[in-house]
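Biologist: I'd love a close look at the salt bridges in this protein. Could you walk me through them, pair by pair?

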Amino acid sequence: MFEDIDDYAIIFLDREGNIDSWNAGAEKIKGYTSNEVLGKNFRIFYTPEDIISQKPEKMIDEAIRNGKALDEGWRVCKNGLRFWGSIRITALYDDHGELIGFSKITRDLTEKFNTQTAIEKYMQKLEIQNKELEQFVYIASHDLQEPLLTVSSFIDLLKEEYSGTIDPTGEMYLGFIAQSTERMRSLIKGLLDYARLGKKKEVGMVDCNALIEEVKIDLFSVIEPSGAKIICGNLPVVKGFATELRLLFQNLISNSLKFRKKEVPPVIRISAQPTRQGWQFSVTDNGIGIEDRFKERIFVIFQRLHNRTDYEGNGIGLAHCKKITELHGGKISVESSPGNGSSFHFTLNLL
């Protein structure tokens, strides 16, 4: 069985670290035949840098002191090429407690090491790009807001200083300009908020029941006149980003309140059930519903399905919801049909 194992290099050393036995895995990983290495010291597998620093001797000393020595690092094959190995050296004793040698098990982790290194480099590159993008969004948004503030200020000055001298048509034009300016400022703020989601990275335990109660207080001015009912099951305490989760529920509830049927009080039901990775939540309403062809589009930022005269908004809320669920390792989807309400389902995986 020892000879047949070829995924691991299994070697037995004498007390001086000379090679006593050599299996098929050792030949496969290190490239030597047993005739070429038997009797030689295991130092031949170490890099020149490790030999200068006496790493082989230190591994033997550690195995004698602690019973075993573990290490990961570059090792050298017969052809001079290096591989990333995981090494375990164990001290062996006879029945009288005398040291008789060592077992040395090596596993080639080069492919795993290269993959991990590539992932780390990619993540570093991605982090740099994200920071650059965040900075660009902030600078661009800030620069865009300056002229908008100027326009708004001059509109106010025009209305104040030329009150009574502007004809109805001019008043109407000023009104359109003011509305467009305010809408642009709202869009820019939404873009900034979207870019900042999850940046603080403050993970903690979040009581979803308490969170919903806070959202209901925040939305009281909309809930009360509409006669809406928000019905919650026993929601869990989850690990996540508190501010973002609050925004997630607030956006979904606001969405249900906004797209309600005329003359029909909104009924919103919120429930949760455990999954293998975390929790799946559902937010169901009795609103106007959504056509199948729009079910993916609604989660794209700045995408709207209705005229502003019918329903206010900038098409950002559900894009926020999508980003927040992805921030928690989950996904969001919707089940709906026109006239039959909507059910938003999203998962929050354990962080």
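Modeller: Happy to, and please keep in mind that this is a predicted model. Let's begin in helix 7 (residues 208-218), where the side chains of Lys-216 and Glu-213 form a salt bridge with N and O 3.5 Å apart. Both residues belong to that helix and sit three residues apart, about one turn of the helix. Lys-216 is partly exposed, its relative accessible area being 26%, and Glu-213 is also partly exposed, at 43%.

Salt bridges that share partners also build a network here, joining Asp-50, Lys-55, Asp-71 and Arg-75. Within this group, Asp-50 pairs with Arg-75, and their closest N and O atoms are 3.9 Å apart. Asp-50 is in helix 3 (residues 48-52) and Arg-75 in strand 3, so this pair ties together parts that are 25 residues apart in sequence. Both Asp-50 and Arg-75 are buried.

Next comes the salt bridge between Lys-78 and Glu-36, whose closest N and O atoms are 2.7 Å apart. Lys-78 lies in the loop between strand 3 (68-76) and strand 4 (82-93), while Glu-36 lies in helix 2 (residues 34-37), so the contact ties together parts 42 residues apart in sequence. Lys-78 is partly exposed, with a relative accessible area of 44%, and Glu-36 is partly exposed too, at 29%.

As for the whole picture, the structure holds 11 salt bridges, and those described here are among them. As general background, side chains of opposite charge can pair when their charged atoms come close.

Definitions and conventions:
Residues numbered from 1 in each chain as written. Predicted model: local features only at pLDDT ≥ 70, side-chain atom pairs only at ≥ 80, totals over all residues. Heavy atoms only, no water. Salt bridge = Lys/Arg side-chain N within 4 Å of Asp/Glu carboxyl O. Helix = DSSP H or I, 4+ residues; strand = E, 2+ residues; numbered from the N terminus. Buried < 20%, exposed > 50% of the residue type's maximum accessible area, 1.4 Å probe, protein only.
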